[in-house]
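Got your viewer open and a selection box ready? Let's walk through this one stop by stop.

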Amino acid sequence: MSGQEKFVEGFSKKSKAEKIRWLTAHYLNNDSRAVERLMRYWHTDKEIQERHENFIENTLSNYWLPYAVAPNFLVNGRVYAVPMVTEESSVVAAAAKGAKFWYRYGGFHARVLSTVKYGHIHFIYKNDPEKLKNFVDETTPLFMERLRPFTANMEKRGGGILSVELEDLRHKLPGYFTLTFRFETVDSMGANFINTILEEWSDYMREKYPDYGPAEDLDIVMSILSNHNPECRVRVEVEAPVEDLERQTGLEGYAAKMKTAFDMARVNPFRAVTHNKGIMNGVDAVVLATGNDFRAVEAGAHAYAGKDEGYTSLSRAFLENGRLVLRLDLPLAVGTVGGMTGLHPLADLSMEILGRPDARRLMNIMASVGLAQNFSAVHSLVTEGIQKGHMKMHLQNILMRLDATPGEAAQIRKIFENRKAHVHSVKEALEKLRKK
Ligand code: MEV
C-alpha cells in the first residue's frame, strides 16, 4: 500500500474501534497483536479511561510512564516527598541523593522573585506612529473597562492586567509593533485567561480603529501569551562550609572543583546546554507529575538562558567566606489551579502529596528539585563519572530488553558489579550463561 490510500478524511469523527481498525489496516498489516497491545494499556475503570481519552484528539490507548517520589526535600524548612514522572532511569535516584545530601546543611532556600507573565498583540501599522500612540493611550482605559467581565474574578484573587505598553519594533521588521501586556495570574498558569484577554482586546482594536484612521492601516497578525517570562522567576540556593563538604565527600579540593565545573557551564554553551538539561531533568519530572505544561517550562528556561549575550547556565556556584553556594535562577510559569492539574487524577494526587501548595510554593519546590538534580549530576561528573550510577539502572533496562529471568538477572548483576555494562557485553554474558 502506498501514498494515497493512507490519506484519510474525517478521522477524528470515527469511533475509537474504527480508528484502531483503520490504523492497523493501513500501517500495521492488520496485526491483531498490535490491537491487543493498544488494548492492554486501556484502564480497566471506564470512567478513568474516558477521562484520559478526552484530554486529546484521536486517542487509541494510554502511554505509561513511571510515577515516583523523591523523599527528603527540605525546602524553606518544610520536608517534601516530591512526585516525579520521567522515563530516564537515573533521574529520581539523583534527585533523592541531592535532597538527602543537602538536608544536613539546612536544605533548599527558595524564593519567588515575581510571577508576572507576558502576552502580546502583534501587528503591522502603516500610518503615523503618533496617531497609533494616541489611539492606544485613549483606548486603553476604555478597553480595560470593557474587559471587566473577564478580569473581575482574577482581580478578586489578586491578579489581572498589570500594564499595557506600545512597543515599536520597526527596526526589526517594517511596520512591526506590539502591544505588550504584563499579567498577574496568581495560582493559575493563566494561559486561557491571558489569551482570552488578548483576543478580546484585539477585536476591540479592530472595531475602534476606524474612528482614528483607515481600517487597513492596522493589520493585527496574532494575539498570544509569551512563554518567555523572565520576570516570573524563582531563585533557590544551597550552601555548606567547604571544609565540611571535603570531609563528607572525602575529596580534597572538592568545592573548588565543583565551582570550576559550574563556571565552565557559564562560559561554554556546549557545556551550558547539557548542564541545563540536567536541571530540567528534575524540573520537567515534577512539572509532568503536577499536570503542568513541560513544553512551556522548557521553552521559557532555555529562552532565559539565552536572554543576554549567548547561551549560558541557569545555575552558578560561588565560593564565599569559606562556603560553597549553588544558586539556580529559573523562570517557571506554572499553576496549581485549572488546566490538567485538576483533571488528571494523579496530578491531583501529586498536589495532595505536596500539601496543596499555591503556585509560589510549587515554584519553590520545582526549582529545588532542579538544583538537586543539577548538583547530583555535576557531583557525579567531577567524581566517579556519570556512567557508574547510570549503568546500575541501565543494566536493569538491558536485562528487561533481553528477557532475562530473575535468576539470570541476579547472576548478570553480579558479573557487572564492578564492570561497565553495555548492551553487547550484557548480551554476550547472558548468552554464555544460557549455554551453560
Ligand atoms: C543526563 O540526562 C544529564 C547530564 O548530562 C547533566 C550534566 O551533564 O550536567 C548528566
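Start by selecting β9 (315-320) and strand β10 (residues 323-331). In this predicted model, the two run antiparallel and are joined by 6 bridges. Which residue stands opposite alanine 317 in β10? Put labels on and you'll find leucine 326 there.

Keep leucine 326 labelled and add β8 (233-241) to the selection. β8 and β10 are also antiparallel, this time with 9 bridges. Look across from leucine 326 to β8 and you meet valine 238. So leucine 326 in β10 is where both pairings can be picked up: alanine 317 stands opposite it, and so does valine 238.

Now bring in β3 (109-114). β3 pairs with β8 through 5 bridges, again in the antiparallel sense. For a landmark, try alanine 110, which has valine 236 of β8 opposite.

Zoom out a little to see what you've assembled. The four strands make an open sheet, ordered β3-β8-β10-β9 and paired antiparallel. β3 and β9 are the edge strands, each pairing on one side only. Going from one strand to the next, the twist averages 20°. If you switch on side chains, one rule of thumb helps: in a regular strand they alternate between the two faces of the sheet.

What lies across this sheet? Select helix α8 (residues 242-249), which lies across β8, β9 and β10. The direction of α8 is at about 75° to that of β8.

**Next stop: the helices around α10**

Select helix α10 (residues 269-289) and helix α13 (residues 359-382). Their axes come within 8 Å and cross at roughly 135°, which makes α10 oblique to α13. The crossing is right-handed. To see the contact, show side chains on both helices: from α10, the residues include Arg271, His275, Ile279 and Val286, and from α13 they include Met366, Val369, Gln373 and Leu381. Glycines take part too, among them Gly278 and Gly282 of α10 and Gly370 of α13. Colour the contact by class and you get 8 nonpolar, 7 polar and 1 charged.

Hold on to α10, but swap α13 for helix α11 (residues 294-305). Here the axes are 10 Å apart and the angle is about 150°, so α10 is roughly antiparallel to α11. This crossing is right-handed as well. On the α10 side, pick out Asn276, Met280, Val283, Asp284, Val287 and Leu288; they meet Phe294, Val297, Glu298, Ala301, His302 and Ala305 of α11. The class colours now read 8 nonpolar, 2 polar and 2 charged. Two α10 residues are worth clicking on: Val283 and Val287 are listed in the contact with α13, and also in the one with α11.

**Time to colour by domain**

Where do these pieces sit in the chain? The assignment has domain 1 (3-53), domain 2 (74-114 + 232-383), domain 3 (116-225) and domain 4 (389-435). Note that domain 2 comes in two segments. If you like a distance line on screen, draw one between the centres of domain 2 and domain 4, taken over C-alpha atoms: 32 Å separate them.

**Last stop: a second sheet**

Select strand β4 (residues 116-125) and strand β6 (residues 176-184), an antiparallel pair with 9 bridges. Glycine 119 has phenylalanine 181 in β6 as its bridge partner. Pack onto that helix α5 (residues 129-146), which touches β4, β5 and β6 and whose direction makes about 170° with that of β5.

Add the remaining strands and you have another open sheet of 4, in the order β5-β6-β4-β7 with antiparallel pairing. Why is one side of β5 (160-168) and of β7 (218-225) left without a neighbour in the sheet? Both stand at the edges, each with a single partner strand.

Finish with helix α6 (residues 148-156) and helix α7 (residues 191-208), whose axes are 10 Å apart at an angle of about 150°. That makes α6 roughly antiparallel to α7, and the crossing is left-handed. Show Phe150, Thr151 and Met154 of α6, then their counterparts in α7: Phe193, Thr196, Ile197, Glu200 and Tyr204. This contact divides into 5 nonpolar, 2 polar and 1 charged.

Methods: Residues are numbered from 1 along each chain as its sequence is written. This is a predicted model: local features need pLDDT of at least 70, side-chain atom pairs count only at pLDDT 80 or more; totals for chains, interfaces and linings use all residues. Side-chain values use heavy atoms; hydrogens and water are left out. Two strands pair if DSSP finds at least two bridges between them. Axes are lines fitted to C-alpha atoms, for helices over the stretch in contact, and angles run from 0 to 180 degrees between N-to-C directions. Contact means heavy atoms within 4.5 Å. Angles under 35 degrees count as roughly parallel, over 145 as roughly antiparallel, 65 to 115 as roughly perpendicular and the rest as oblique. A crossing is left-handed if the near helix is turned anticlockwise from the far one by less than a right angle, and right-handed if clockwise. Ala, Val, Leu, Ile, Met, Phe, Trp, Tyr, Cys and Pro count as nonpolar, Asp, Glu, Lys and Arg as charged, and the others, Gly among them, as polar. Domain bounds come from an automatic or database domain assignment.
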